[in-house]
Amino acid sequence: MEVKPSRLTDKKCVPCNLKELRPMNEDSAHTLMPQVDEWNLVNEDGVLKLRRSWTVKTFTLGLEFFKKVAVLAENEGHHPDLHLVGWNNVTIEIWTHAVGGLTENDFILAAKIDTLNVSDLLRRKPSN
């Protein structure tokens, strides 16, 4: 008997063209949010998405950040929306375009993005 992984980072995204893939409702999304607690659950015109922002040190480090995310996204076969706003504000939105909402794939990708080693690219928060 095969035991399915329960941690999102142990899972792999499934193809988005599967006929049985459906968008999850907000209650289902809230059950997975603790595993991606730095992400925000947003509702844009009835479409649920995950969104998270970072501040990078420089414009080119923002592009380096995106490169790391791009490699991960390609490996998962699931691609987020990447935004570089201003010269150093990075925002990522994740949702499954093929179904018009969130699926477990989005949470898997968000959890894996959180494991990327990007601390050297980020601006340090001022200490109090």
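At 0% relative accessibility, Ile92 counts as buried in this predicted model. Ile92 is a residue of strand 4, which spans residues 89-94. Leaving aside residues up to four places away in sequence, Ile92 touches Trp39, Leu50, Arg51, Arg52, Trp54, Phe65, Val69, Pro80, Asp81, Leu82 and Ile113. One of these contacts, Trp54, stands 38 residues from Ile92 along the chain, and the C-alpha atoms of the two are separated by 8.8 Å.

Several of the residues touched by Ile92, including Trp39, Trp54 and Phe65, also take part in a cluster of aromatic rings. Ring pairs link Trp39, Trp54, Phe65 and Phe66 into this cluster. The count of aromatic pairs comes to 3. Trp39 and Trp54 form an edge-to-face pair, with 5.8 Å from centre to centre and 80° between the planes. An angle over 60 degrees counts as edge-to-face, so the 80° of this pair places it in that class. The pair joins distant parts of the chain: Trp39 is in the loop between helix 1 (26-32) and strand 1 (40-44), Trp54 is in strand 2 (residues 47-55), and the two are 15 residues apart. Both Trp39 and Trp54 are buried.

Trp54 also pairs with Phe65, and this second pair is tilted, at 4.9 Å centre to centre and 50° between the planes. Here too the pair links distant parts of the chain, with Trp54 in strand 2 and Phe65 in helix 2, 11 residues apart. Trp54 has 8% relative accessibility and therefore counts as buried. Phe65 is likewise buried, with a relative accessible area of 1%. The cut-off for a buried residue is under 20%, so both values fall within it.

Trp39 and Phe65 also appear in the description of the nonpolar core. In soluble globular proteins, nonpolar side chains tend to be buried together. The largest nonpolar core of this model holds 31 residues, and Trp39, Phe65, Phe107 and Ile113 touch the most other members. At least two residues of this core come from each of helix 1, strand 2, helix 2, strand 4 and helix 3. Helix 3 supplies the largest share, 6 residues. Ile113 touches Trp39, Trp54, Val69, Leu72, Ile92 and Ile94, when residues up to four places away in sequence are not counted.

Helix 3 itself is largely enclosed by the rest of the structure, because 9 of its 11 residues are buried. The buried residues are Asn105, Asp106, Phe107, Ile108, Leu109, Ala110, Ala111, Lys112 and Ile113. The elements that cover them include helix 1, strand 2, helix 2 and strand 4.

The packing of helix 2 against helix 3 can be described further. Helix 2 (residues 59-76) and helix 3 (residues 104-114) meet at an angle of about 140°, and their axes are 10 Å apart. The crossing of helix 2 past helix 3 is right-handed. On the side of helix 2, the contact is made by Val69, Leu72, Ala73 and Glu76, and on the side of helix 3 by Ile108, Leu109, Lys112 and Ile113. By class, this contact has 6 nonpolar residues, no polar residues and 2 charged residues. Of the residues in the contact, Val69 and Leu72 are among those touched by Ile113, and Val69 is also touched by Ile92.

Residues in the loops give other values. Asp45 is placed in the loop between strand 1 and strand 2. Asp45 has a positive phi of about 55°, although it is not a glycine. With a relative accessible area of 82%, Asp45 is exposed. Gly86 lies in the loop between strand 3 (81-85) and strand 4. Gly86 is exposed as well, with a relative accessible area of 57%. The cut-off for an exposed residue is over 50%, so both Asp45 and Gly86 meet it. Gly86 and Phe59 are 27 residues apart in sequence, and their C-alpha atoms are 8.5 Å apart in space. Gln35 is found in the loop between helix 1 and strand 1. Its relative accessible area is 36%, so Gln35 counts as partly exposed. Between Gln35 and Leu50 there are 12 Å in space, C-alpha to C-alpha, and the two residues are 15 residues apart in sequence.

How values were computed
Residues are numbered from 1 along each chain as its sequence is written. This is a predicted model: local features need pLDDT of at least 70, side-chain atom pairs count only at pLDDT 80 or more; totals for chains, interfaces and linings use all residues. Side-chain values use heavy atoms; hydrogens and water are left out. Axes are lines fitted to C-alpha atoms, for helices over the stretch in contact, and angles run from 0 to 180 degrees between N-to-C directions. Helices (H or I, at least four residues) and strands (E, at least two) are DSSP runs, numbered from the N terminus. A crossing is left-handed if the near helix is turned anticlockwise from the far one by less than a right angle, and right-handed if clockwise. Contact means heavy atoms within 4.5 Å. Ala, Val, Leu, Ile, Met, Phe, Trp, Tyr, Cys and Pro count as nonpolar, Asp, Glu, Lys and Arg as charged, and the others, Gly among them, as polar. Rings of Phe, Tyr and Trp (its six-membered ring) pair if their centres lie within 6.5 Å; planes under 30 degrees apart count as stacked, over 60 as edge-to-face and the rest as tilted. Buried means under 20% relative accessible area, exposed over 50%, partly exposed in between (1.4 Å probe, protein chains only). A nonpolar core is a set of buried Ala, Val, Leu, Ile, Met, Phe, Trp, Tyr and Cys residues joined through side-chain atoms within 4.5 Å.
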